[in-house]
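Student: Could you walk me through this one feature by feature? I'd like the general idea each time, then the case here.

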Amino acid sequence: MLDSHPEIEMAKPVAPEPKFFLRSVDGPEARENYLQQYFSNARTWKVLGEKSTSYIEHPEVISRMLSLFPQAKAIAILRHPVSRAISNYRFSVQRGLETRSLREVFVDELPAPPHPQGTSVDPFNYVGRSHYMQHLQPWMDALGSQLRIEIMEEIQETPERLQDLYAWLGVERDHVPPDFRSAPNAIPEQDRGAVDLAVIRKLSAHFAPLTPALEEQLGRRISHWHDPL
């Protein structure tokens with residue numbers, strides 16, 4: 001959504017994600033190294049950015065980021081916690097990390113496979129990663145108005161939400177990307193019946209009390225998350 005905007009350049013390659021600020025950024029050359037590594041041909045763009053989803057679980061990233069870019073802005077896009085957990089599971093399956101079925105993970109709660117080396121987060125923490133409040137609070141405390149929290153389903157339904165985000169970033173707001181309604185790692189329509197209802201029920205019951213608490217934390221209602229999947 002951001003990279004399609006003519007005034008925004010996102011770090012390449014998209015996969016693997018840069019994850020630059022997961023490591024120390026000490027030294028006066030760190031800022032230039034970052035720009036040279038990911039944006040060597042992007043000097044004419046108005047806004048530069050990167051997508052590294054692991055950052056939300058590593059609050060030490062905040063001070064590292066601000067030490068190089070004090071005016072940096074951060075965007076957190078939150079997805080329905082049940083959909084996000086299942087999407088995370090599908091992501092691990094696609095990468096050959098997960099061998100359990102959906103039911104074995106979420107209903108039977110069988111032990112996870114051995115933790116692979118070299119991952120920046122626990123690839124099997126499907127439920128905990130949807131506990132948005134605990135992950136967001138350090139970012140809210142440190143960044144204040146330099147943090148924007150969006151709800152994915154709202155952006156997909158209402159392009160004006162995305163256009164408001166563009167305006168917040170200081171670029172032309174009228175751009176509409178061609179695929180803004182797509183959902184990454186979504187369950188294909190023909191496979192939806194294969195998702196055990198027990199999985200949906202268990203996850204929904206787990207997250208039901210967390211959504212109102214998150215709404216209170218954010219000071220807004222997230223209407224899409226109150227509807228059944």
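Tutor: We'll go through helix packing, one histidine, a strand residue and a few backbone oddities. Keep in mind that the model is predicted.

Student: Let's start with helix packing. At what angle do α5 and α9 pack, and how far apart are their axes?

Tutor: For a helix pair, look at the angle and the axis separation before anything else. Helix α5 covers residues 132-143 and helix α9 covers residues 210-218. Their axes are 10 Å apart, and the packing angle is about 10 degrees. Angles under 35 degrees count as roughly parallel, so α5 and α9 are roughly parallel to each other. As for handedness, the α5 and α9 crossing is left-handed.

Student: Which residues of α5 and α9 meet?

Tutor: From α5 you have Tyr-132, Met-133, Leu-136, Gln-137 and Met-140, and they meet Ala-213, Leu-214, Gln-217 and Leu-218 of α9. Sorted by class, that α5 contact with α9 comes to 7 nonpolar and 2 polar residues, with no charged ones.

Student: Now the α2 and α5 pair. How do their axes cross, and is the crossing left-handed or right-handed?

Tutor: Same recipe: angle, separation, hand. The axes of α2 and α5 cross at roughly 30 degrees and come within 9 Å. With the cut-off for roughly parallel at under 35 degrees, α2 and α5 therefore count as roughly parallel to each other. The crossing of α2 past α5 is right-handed.

Student: What does the contact between α2 and α5 consist of, by residue and by class?

Tutor: Val-61, Ile-62, Met-65 and Leu-66 in α2 meet Pro-138, Trp-139, Ala-142 and Leu-143 in α5. By class, that contact of α2 with α5 has 8 nonpolar residues and no polar or charged ones.

Student: On to single residues. Where does His-58 lie, and is it buried or exposed?

Tutor: For a single residue, place it first, then check accessibility, then look at its neighbours. His-58 sits in the loop between β2 (47-49) and α2 (60-68). Buried means under 20% relative accessible area, so His-58, at 18%, counts as buried.

Student: What does the side chain of His-58 reach, and which residues does His-58 touch?

Tutor: The His-58 side chain reaches the backbone oxygen of Ser-120 at 2.9 Å. Leaving aside residues up to four places away in sequence, His-58 touches Leu-22, Ser-120, Val-121 and Trp-139. You've met Trp-139 already, among the α5 residues that meet α2.

Student: How far apart are the C-alpha atoms of Leu-48 and Glu-9?

Tutor: Here you set sequence separation against distance in space. Leu-48 and Glu-9 are 39 residues apart along the chain, and 5.0 Å separates their C-alpha atoms. Leu-48 belongs to strand β2, and with a relative accessible area of 35% it is partly exposed.

Student: And the backbone? Which residues does a cis peptide bond join?

Tutor: Check omega for that. A cis peptide bond joins Lys-12 and Pro-13, with omega about -5 degrees. Pro-13 is in the loop between β1 (8-10) and α1 (30-39).

Student: What is phi of Lys-19, and what is phi of Glu-109?

Tutor: With phi, look at the sign and the residue type together. Lys-19 has phi near 50 degrees, a positive value in a residue other than glycine. Lys-19 lies in the loop between β1 and α1 and is partly exposed, at 28% relative accessible area. Glu-109 has phi near 55 degrees, again positive in a residue other than glycine. Glu-109 is in the loop between α4 (102-106) and α5, and its relative accessible area of 52% makes it exposed.

Terms used
Residues are numbered from 1 along each chain as its sequence is written. This is a predicted model: local features need pLDDT of at least 70, side-chain atom pairs count only at pLDDT 80 or more; totals for chains, interfaces and linings use all residues. Side-chain values use heavy atoms; hydrogens and water are left out. Axes are lines fitted to C-alpha atoms, for helices over the stretch in contact, and angles run from 0 to 180 degrees between N-to-C directions. Helices (H or I, at least four residues) and strands (E, at least two) are DSSP runs, numbered from the N terminus. Angles under 35 degrees count as roughly parallel, over 145 as roughly antiparallel, 65 to 115 as roughly perpendicular and the rest as oblique. A crossing is left-handed if the near helix is turned anticlockwise from the far one by less than a right angle, and right-handed if clockwise. Contact means heavy atoms within 4.5 Å. Ala, Val, Leu, Ile, Met, Phe, Trp, Tyr, Cys and Pro count as nonpolar, Asp, Glu, Lys and Arg as charged, and the others, Gly among them, as polar. Buried means under 20% relative accessible area, exposed over 50%, partly exposed in between (1.4 Å probe, protein chains only). A polar contact is a pair of N or O atoms within 3.5 Å; within protein, one must be able to donate a hydrogen and the other to accept it, and residues adjacent in sequence count only if both atoms are side-chain atoms.
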